[in-house]
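Reader: I have a sequence and a model in front of me. Please walk me through the fold and the ligand site.

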Amino acid sequence: MSKLANPAFKPELVTVDDAAALARAAVQEFCRCAQEAFVSHGRFCVALSGGNTPRAVNSLLATEYVDLAWDKVFIFFGDERNVPPDHPDSNYRMASETLLSRVPLPQRNVFRVNAELPASAAADDYDRQLREFFGVQSGAWPRFDLILLGMGEDGHTASLFPGSAALQEQSRMVVANWVEKFHSYRITFTFPVLNHAAEVLFLVSGEGKSRVLRGILDRAPTDAGYPAAKVRPQDGRLLWIVDKAAAQLL
Ligand code: 6PG
């Protein structure tokens, strides 16, 4: 039985004091995953998350782990806004400023979403990049060593928002997803990509997310109301690192 259908599947939860402690715990898990991947298959394929929470994580990685074997690290993005890479809203720009430009990471190891293209073309292009890099054909899925995710106060993750079309996607890896609340497109991994990862790490901070976090971690995880509740790696680890403010209702 896959974990998706298995109500007994329990995500792992680590609660830390505050946002600074969350960044430290996330960096430690990132590096643990990286070392494990280096030993297992000689490279570490990781998808970064956008938003604000990852800023502190990225910065800490850049300052404290500059001597990681970055030449064996391959960086992807779980989602992207439909903007050029130098736009203030760009997840790539945030990652570049906080991490990618500050560590000895070969540019060829960074797989950016070409989000300056029209959203559908950007999604098709990223889908192609994934297929080429992982060597997977239609019907097969890439296996990321680690996918970092955040969660919004509405229970979205990546750019899989409640009520959006991408929630139903089961055959494509990357899609352009219209997000009504922003009146714009986002480019996002789909659930099958997330759920084929070796590990998914959610990083959640702040009181504003406590109600949704209870709805996901306390109730049966198949609660369809929150997209983040549908992230359940079929053959991988699901780890939530949350701060006390976000965990206050658990
Ligand atoms: C994005 C992210 C998004 C983010 C959540 C949480 O592109 O914004 O992919 O899913 O992780 O909105 O954002 P915060 O970490 O800023 O709360």
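Author: Start with a term: two strands pair if DSSP finds at least two bridges between them. Keep in mind that this model is predicted.

Reader: In what order do the six strands of the open sheet run?
Author: The sheet is open, and its pairing is parallel. Neighbouring strands are turned by 20 degrees against each other on average, direction ignored. Read across the sheet, the order is β1-β9-β8-β5-β2-β3.

Reader: Which strands stand at the edges?
Author: An edge strand here has a single partner strand, so one of its sides is left without a neighbour in the sheet. That describes two strands, β1 (12–16) and β3 (73–77).

Reader: Which residue in β5 stands opposite valine 46?
Author: Strand β2 covers residues 44–48, and β5 covers residues 146–149. They run parallel and are joined by two bridges. Opposite valine 46 stands leucine 146.

Reader: At what angle does helix α1 run to β9?
Author: Helix α1 spans residues 19–41. It lies across β1, β2, β3, β5, β8 (199–204) and β9 (237–243). To β9, helix α1 runs at about 160 degrees.

Reader: At what angle do helices α2 and α3 cross?
Author: Two packed helices are described by the angle between their axes and the distance between the axes. For α2 (residues 53–64) and α3 (residues 91–98), the axes come within 8 Å. The crossing angle is roughly 35 degrees.

Reader: Which residues of α3 meet α2?
Author: From α2 come Pro54, Arg55, Asn58, Ser59 and Ala62. By class, the contact has four nonpolar, three polar and one charged residues. On the α3 side, the residues are Met94, Ala95 and Thr98.

Reader: Which residue takes a positive phi in the hairpin of β6 and β7?
Author: Strands β6 (residues 174–179) and β7 (residues 184–189) pair in the antiparallel sense over six bridges. Tryptophan 178 has tyrosine 185 as its bridge partner in β7. Four residues lie between the strands. The positive phi, near 50 degrees, belongs to histidine 183.

Reader: How many residues surround the ligand?
Author: The closest are Asn52, Thr53, Arg81, Ala158 and Lys209. In total, the count of surrounding residues is 16.

Reader: How much of the ligand's accessible area does the protein cover?
Author: Look at the polar atoms. Aspartate 79 has a side-chain N or O atom 2.7 Å from a ligand oxygen, and arginine 81 also has one at 2.7 Å. A polar side-chain atom of asparagine 91 lies 2.9 Å from a ligand oxygen. Of the 420 Å² that the ligand has on its own, the protein covers 88%.

Notes:
Residues are numbered from 1 along each chain as its sequence is written. This is a predicted model: local features need pLDDT of at least 70, side-chain atom pairs count only at pLDDT 80 or more; totals for chains, interfaces and linings use all residues. Side-chain values use heavy atoms; hydrogens and water are left out. Axes are lines fitted to C-alpha atoms, for helices over the stretch in contact, and angles run from 0 to 180 degrees between N-to-C directions. Contact means heavy atoms within 4.5 Å. Ala, Val, Leu, Ile, Met, Phe, Trp, Tyr, Cys and Pro count as nonpolar, Asp, Glu, Lys and Arg as charged, and the others, Gly among them, as polar. A residue is near a molecule or strand if one of its heavy atoms lies within 4 Å of it. A polar contact is a pair of N or O atoms within 3.5 Å; within protein, one must be able to donate a hydrogen and the other to accept it, and residues adjacent in sequence count only if both atoms are side-chain atoms. Accessible areas come from the Shrake-Rupley method with a 1.4 Å probe; for residues, only the protein chains shown count as cover.
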